[in-house]
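Reader: I'd like to learn how to read a model like this one. Can you walk me through it, feature by feature?

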Amino acid sequence: MLATVLLALHGFVLVPTQTRPAVSRVAVRMDAMQDQLVQLGEQCLESGCSVDETTELVARLNSRRVQLQKELTWVLVTLGKLQALSEQSQAKKPDSELQKVVADAVSIFKVPNNDYPELPEPVGYSMDRPKK
């Protein structure tokens with residue numbers, strides 16, 4: 001009966017069908033735009049360019065700066081959330097059953113803590129009741 005239940009539950013296991021590529025197409029396109037802006041800026045600095053081209057280039061660089069600042073803000077916020085989530089999951093992570101069993105086995109062979117007061121000389125117990 002247990003095997004039937006396990007086989008029935010096996011059909012509900014979620015498996016990702018496709019993994020995401022490491023670098024998205026948008027990132028590649030943005031890198032190409034950034035490379036183009038860098039090349040235009042270098043050409044303008046080396047050989048000079050008109051005032052209109054300079055103004056347009058400055059405007060494009062400023063818009064790119066704003067986009068990059070937004071992306072950086074998003075990355076920092078997401079990173080902070082993920083780190084907080086990771087710390088919470090590690091703090092709440094209960095010990096596994098195997099760790100509990102090993103800890104119990106180690107405690108059997110461990111020397112107990114000696115919390116009795118130290119006496120100057122060994123004292124025996126005679127099992128006699130104290131005299132009043």
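Author: Happy to. Let's begin with the largest pocket: helix H3 gives the largest share of its lining, 4 residues. Keep in mind that this is a predicted model.

Reader: Which elements give two or more residues to the lining of the largest pocket?

Author: Those are helix H2, residues 25–47, and helix H3, residues 51–92. The full lining is made of Leu-40, Gln-43, Cys-44, Cys-49, Glu-53, Glu-56, Leu-57 and Arg-60.

Reader: How do I read the chemistry of that lining, and what volume does the pocket have?

Author: Sort the residues by class and look at the mix. Here the lining has 4 nonpolar, 1 polar and 3 charged residues. The space in the largest pocket comes to about 150 Å³.

Reader: I see two cysteines in that list. Which residues does the disulfide join?

Author: For a disulfide, check the distance between the two sulfur atoms; the cut-off is 2.5 Å. In this model Cys-44 is joined to Cys-49, with 1.8 Å from S to S. The structure holds 1 disulfide, and this is the one.

Reader: Is Cys-44 buried or exposed?

Author: Go by relative accessible area: under 20% is buried, and over 50% is exposed. Cys-44 counts as buried because its relative accessibility is 17%. Its partner Cys-49 has 31%, so Cys-49 counts as partly exposed.

Reader: And for the chain as a whole, what share of the residues is buried?

Author: Of the 132 residues, 5% are buried. The chain exposes about 13,400 Å², and carbon and sulfur atoms supply 62% of that area.

Reader: How many helices and strands are there in the chain?

Author: Count the elements, then read them off in sequence order. You'll find 4 helices and 0 strands, which gives the pattern α-α-α-α along the sequence.

Reader: Now salt bridges. Which side chains meet in one?

Author: Look for a side-chain nitrogen of Lys or Arg within 4 Å of a carboxyl oxygen of Asp or Glu. Searching the whole structure turns up 1 salt bridge. It pairs Lys-100 with Glu-97, at 3.9 Å from N to O.

Reader: Where do Lys-100 and Glu-97 lie?

Author: Both are in helix H4, residues 97–109, and they sit 3 residues apart, about one turn of the helix.

Reader: Are those two partners buried or exposed?

Author: Use the accessibility reading again. Lys-100 has a relative accessible area of 40%, so Lys-100 is partly exposed. Glu-97 reaches 58%, so Glu-97 is exposed.

Technical notes
Residues numbered from 1 in each chain as written. Predicted model: local features only at pLDDT ≥ 70, side-chain atom pairs only at ≥ 80, totals over all residues. Heavy atoms only, no water. Buried < 20%, exposed > 50% of the residue type's maximum accessible area, 1.4 Å probe, protein only. Areas by Shrake-Rupley, 256 points an atom, 1.4 Å probe, with all protein chains shown as cover. 1 Å grid on protein atoms, 1.4 Å probe; cavity = no way out; pocket = protein on both sides within 12 Å on 5 of 7 lines; lining within 4 Å. Points joined across faces, edges and corners; volume = space filled by probe spheres on them. Nonpolar A, V, L, I, M, F, W, Y, C, P; charged D, E, K, R; others polar.
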